[in-house]
Structure formats: structure tokens, C-alpha cells
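This briefing introduces a structure to a reader who is meeting it for the first time. Please keep the sequence and the model in view while reading the points below.

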Amino acid sequence: MDRDLRRRTRALFVYFFIPGLALASWVTRTPEIRDAIGASVAQMGLVLFGMSIGSMCGILLAGRIVAALDTRTTALMGLCLILSSMVTVAVGVILGSQIMAACGLALFGLGMGGAEIAVNLEGAGVEALRKKPVLHTLHGCFSLGTLCGALIGLALVSLGVPVALHLAAIAVLIAGLIIAFRNDIPSGNGLSSGGNHATIADARIWGDPRVLLIGLIVFAMALAEGAANDWLPILMVDEHGFSVASGSLIFLAFTAAMTAGRFGGGIFIQRFGAARVIRGCAILAGLGVAYVVFGTNPWLAGVAVLMWGLGTSLGFPLALSAAGAGGGADSAARVQAVAIVGYLAMLVGPPSLGFIGEHYGLRNALLVVTALIVGASIAAPAVRPRAA
């Protein structure tokens, strides 16, 4: 790689790392956040719904913002919103305000939705330049961020550090990373040139059966990831009897499994192909989620969480790689369409599980995730390269 491409790739590692770090920082404290703002399961679902609203706006507006401003500016704007969300949630905890906490998560969703679309488009571009899979490693940096955030959260929970102080410190760290890597992605990428490029509103994109099947895969796997991100600590504390610290430790194990799967997955992708890897991951994730739903042994449930994390690790990046493979005028639009489906599932789906969980229990809500994972395993051949 030349120097500019190395800098661009390194910056993307950081841009993927930051949302994961921020996400895990508040996820590991969700039981305490819930208690501080006095929220029931249904009310916590409404608080999380703030993130859903923000993420929907961010995801749906990201394409137009990228076309008008470029991918670098869109990503930096999103990361700054993520930074501000940490401060806003911290204020909500101090005030005991569900509305303030929901507003903070709305900022997080808005920032993550916009930034992640931009950096995935950048990642697809780098993958095309390097002519080998890169997105699974970039998404590994997101998982590494969640792992680091979970480690920090677990340590601070054990030390009894207040949630507000924890989130404020993470905001300062994110600000430093943004400043350090703000210029390493070239400007101008993704700007609309007025040519014959397809957009996500184009019937060619949503009318393509392959894109729809890839969308099903990414929806299922991203929902499985998002469900763990939002509900796993609460699920293990309330349904399997773990302490708050142990619930955070299990979430840490989940993120470690995700990280290992994404960084180590390249070997399996090259040896077995994307379709077989997707199917194997779906089967592993489905078995893990199913035991969390039906199992009674708490420690085996912890082992099942590892299967859940490993199984969901490669679904999202492999789906994005498959969507962009083959090039063509509609390549970027295919990546954006699949990314939109994935982030909607990851950020909007979990709050819906909260509403189901209020009436039928969180374990039963995960049956929806299990069913979709089965569908993803059936649709796995869609990620094979297009026939010439």
C-alpha cells in the first residue's frame, strides 16, 4: 500500500473503533442507567426507542449528506454527535431523567447511523483498491471498540465509579481520537457527480433478488448483534440470575467473541468461501441464542453467549462485501442499501424486542431473532460472487 492508502485505512480503523467504544460504554451500565432513571422494561424500551428514531434519521439522510459533503465530513459529523451523546446520557443519569437519557441515545443513533454509512462506503472503496477483503477487519475494529468499552465499563462497575463520570471520560477520549485522525481520509469521496449512478431509491437496487436476500442475511445477523448490545446485561441479570458485575462480564465475553471472529475470520473466508462461512455462523449463532432462550443452567448460558458472539461476527461485513462485489455504477448504492438494512436492524430492532419482552419476557422476545437467523442460513448462497 502507498502512504495515503495506509493513512486512510488506519483512520478507518479508528472511525470504526469509536462507535463500538461509545456503545459498550453505556451498554455495560444499562442496569445502573435503568435504576438511575427509574425505568421499567417497557420504559427502558421507550428510552432505547430514542436511539431508534435518531438512527433512522441518520441512516436515511446519510446518502444525501455524503453526496453533498463527502464521506469524510459525514463521518466526522456523526462521530461528533456520538461524543455529544455520551455527555447527554450522563446528564440524564445525574438528573434521573428518562427524557434526557432518550435524547442522548437519539444523538447516539443519529451520529452512528450517519457515520457508519459513510465509513462503510469508504471501507468498500478501500477494499476495491486493495483487491482483498477488508471490511471484516474494519468491523473487527468496531468489535474491538466494544471490547475495550466493556473492559473499561466492567472495571469501573467493580470500582463503583459513577456512570456520569464514566461517560464523561469516554467523551474526552473520543474527542482526542477525532482530532488526531480528522484529516487522514481524503476529501471529496462519495460526492455526487450527476452521472448515471444508481441511488438507493432506484428500482434496480431493491428489485434485485440477490440484494434482497443479502438484506435478509444482514438484517438477521445485525439484529442478533444489536439485541446483545442493548439487552444482554439486563437479560443475564434478570433472567439468568447473574449479578450486575457478572452481567457486564458476560457482555465482555460476547464482545471478545465478536472481535475474535472478525479479526480471525479471513482464514475461513479464503478457505471455505463466504457462503459456507455465513451458513456456519448462522447455525452457531442460532444455537447460542436458542440456549439463552430455553436453557436453565446459568453457566451454560454464558457459554452460549460465546457461540452467539462468534456466530454473528462475520454476517454484517460479509454481506456488505458481497453487496459491493463486482463493481458497476450501482455498487455504492448496493452497499448503502444493505448497510441501511443492517443498521436499521441493529439500532431499531432491539427496542422493539423490549416491547415484546414486556408482555412475553425477554427470553421469548429472542425467538424472533432465532427465527430470522434460520432464514439467514437458508439465504447464505446469495453472498456468492455474481455469475459472469
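Does Arg29 count as buried or exposed? With a relative accessibility of 0%, Arg29 counts as buried, because the cut-off for that class is under 20%. The model discussed here is predicted. It contains eight salt bridges, five aromatic pairs and five cavities of 30 Å³ or more.

**Salt bridges**

- Arg29 and Glu32 join their side chains in a salt bridge, with 2.7 Å from N to O.
- Glu32 has a relative accessibility of 26% and therefore counts as partly exposed, whereas Arg29 is buried.
- A further salt bridge is formed by Glu122 and Arg8, whose closest N and O atoms are 2.7 Å apart.
- This pair connects distant parts of the chain, since Glu122 belongs to helix H5 and Arg8 to helix H1, with their positions 114 residues apart in the sequence.
- Both partners are in the buried class: Glu122 has a relative accessible area of 2%, and Arg8 has a relative accessibility of 12%.
- Arg363 and Glu239 also meet through their side chains in a salt bridge, at 3.8 Å from N to O.
- Here too the link is between distant parts of the chain: Arg363 lies in helix H15 (residues 362-379), and Glu239 lies in the loop between helix H9 (209-238) and H10, 124 residues apart.
- Arg363 is buried, with a relative accessible area of 19%, while Glu239 is partly exposed at 31%.
- Arg7, Arg10 and Asp184 are joined into one network by salt bridges that share partners.

**Aromatic pairs**

- One of the five aromatic pairs consists of Trp26 and Phe108, which are edge-to-face because their ring planes stand at 80°, with the ring centres 6.1 Å apart.
- Trp26 is part of helix H1 (residues 3-27) and Phe108 is part of helix H5 (residues 98-130), so the pair ties together parts that are 82 residues apart in sequence.
- Trp26 and Phe108 are both buried.
- Phe251 and Phe254 form a stacked pair, because their planes meet at 20°; their ring centres are 6.4 Å apart.
- These two residues both belong to helix H10 (residues 244-272), where they are three residues apart, about one turn of the helix.
- Phe251 counts as buried at 0% relative accessibility, and Phe254 is buried with a relative accessible area of 1%.
- Together with Trp308, Phe251 and Phe254 form one aromatic cluster.

**Cavities**

- The largest cavity holds about 60 Å³ of space.
- Its lining is made up of Ala227, Trp231, Leu232, Leu235, Trp308, Leu353, Leu362, Ala365 and Leu366.
- Trp308 thus appears both in this lining and in the aromatic cluster with Phe251 and Phe254.
- H9 gives the most to the lining of the largest cavity, with four residues, and H9 and H15 each supply at least two.
- By class, the residues lining the largest cavity are nine nonpolar, no polar and no charged.
- The second largest cavity has a volume of about 50 Å³.
- Trp26, Thr30, Ile33, Met44, Val47, Val89, Ala101 and Leu105 line the second largest cavity.
- Trp26 is therefore a lining residue here as well as a partner of Phe108 in the edge-to-face pair.
- Helix H2 (30-37), H3 and H5 each contribute at least two residues to the lining of the second largest cavity.
- That lining divides into seven nonpolar residues, one polar residue and no charged residues.

**Backbone at Asp70**

- Which loop holds Asp70? Asp70 lies in the loop between helix H3 (41-69) and helix H4 (71-95).
- Most residues other than glycine have a negative phi.
- Asp70 has a positive phi, near 105°, although it is a residue other than glycine.
- Asp70 counts as buried, because its relative accessibility is 5%.

Note on methods
Residues numbered from 1 in each chain as written. Predicted model: local features only at pLDDT ≥ 70, side-chain atom pairs only at ≥ 80, totals over all residues. Heavy atoms only, no water. Buried < 20%, exposed > 50% of the residue type's maximum accessible area, 1.4 Å probe, protein only. Phe/Tyr/Trp six-rings, centres within 6.5 Å; stacked < 30°, edge-to-face > 60°. Salt bridge = Lys/Arg side-chain N within 4 Å of Asp/Glu carboxyl O. 1 Å grid on protein atoms, 1.4 Å probe; cavity = no way out; pocket = protein on both sides within 12 Å on 5 of 7 lines; lining within 4 Å. Points joined across faces, edges and corners; volume = space filled by probe spheres on them. Nonpolar A, V, L, I, M, F, W, Y, C, P; charged D, E, K, R; others polar.
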